[in-house]
Amino acid sequence: LMDTVFKGHPYIKSALDMACSDLAARAAGIPLVTLLGGRESESAELYKVVTHGTVDAMAALAKRIVEDGFHRLQVKVGGNVHDDIERVTAVAASVPKGTVIFCDANAGWTPYQARQFADATRAIDYTFEQPCTTIDECMSVRRSLDKPMVLDESVTSLDDMLDIHRKG
Ligand SMILES: [Mg+2]
């Protein structure tokens with residue numbers, strides 16, 4: 001109904017959609033998770049963000065986060081490529097092997113910058129998150145990347161998600 005009277009703006013509609021789903025579950029007297037198809041597991045792995053900062057500050061923060069019990073880090077990148085290479089290298093060196101690292105550029109780079117980063121960090125095990133703005137730009141990076149990639153900012157519809165799946 002919302003789409004018939006107000007095109008676009010999925011972020012705004014999402015909040016209303018979630019509220020309506022919650023109300024429907026309450027009206028039915030069941031937990032929302034049951035309404036949405038049921039629980040798949042009793043726990044979920046969470047990551048904690050290593051915010052953008054100096055090389056030393058980011059390495060120290062990552063170390064502290066792991067000491068607090070987190071095993072998954074999302075490292076913010078997407079600034080000056082050469083500085084971010086130093087930052088991620090220092091973060092990876094400051095945490096135990098096996099720590100899961102996501103490098104999230106929040107769509108901050110051109111494909112060329114993203115490839116520069118990927119080439120210089122080839123020896124580090126991480127998942128590349130949203131390096132560029134568009135799906136096509138990210139795909140151009142993905143083709144020469146030997147790491148997993150996840151996208152969020154460029155996924156604004158089911159069609160986008162299916163497009164990304166089709167493109168591998
Ligand atoms: Mg992200």
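**Exercises: a metal site and a helix pair**

The magnesium ion is coordinated by Asp-104 (OD), Glu-129 (OE) and Asp-152 (OD), at 2.0 to 2.4 Å. Donors here are N, O and S atoms within 2.8 Å of the metal (3.2 Å for Na, K and Ca), and water is not among the atoms, so sites may look incomplete. The model is predicted: local features need pLDDT of at least 70, side-chain atom pairs count only at pLDDT 80 or more, and totals for chains, interfaces and linings use all residues. Residues are numbered from 1 along each chain as its sequence is written, and side-chain values use heavy atoms, with hydrogens and water left out.

**Exercise 1.** Find whether Asp-104 is buried or exposed.

*Solution.* Start with the cut-offs: buried means under 20% relative accessible area, exposed over 50%, and partly exposed in between (1.4 Å probe, protein chains only). Asp-104 has 1% relative accessibility, so Asp-104 counts as buried. Now try its partner: Asp-152, at 32%, counts as partly exposed.

**Exercise 2.** Work out how helix 4 and helix 5 are oriented to each other.

*Solution.* First, locate them: helix 4 covers residues 55–67 and helix 5 residues 81–94. Next, take the angle: their axes come within 8 Å and cross at roughly 30°. Angles under 35 degrees count as roughly parallel, over 145 as roughly antiparallel, 65 to 115 as roughly perpendicular and the rest as oblique. Helix 4 and helix 5 are therefore roughly parallel. Finally, look at the contact (heavy atoms within 4.5 Å): the residues making it include Met-58 and Ala-62 of helix 4 and Ala-90 and Val-91 of helix 5.

Conventions
Axes fitted to C-alpha atoms, helices over the stretch in contact; angles between N-to-C directions. Helix = DSSP H or I, 4+ residues; strand = E, 2+ residues; numbered from the N terminus.
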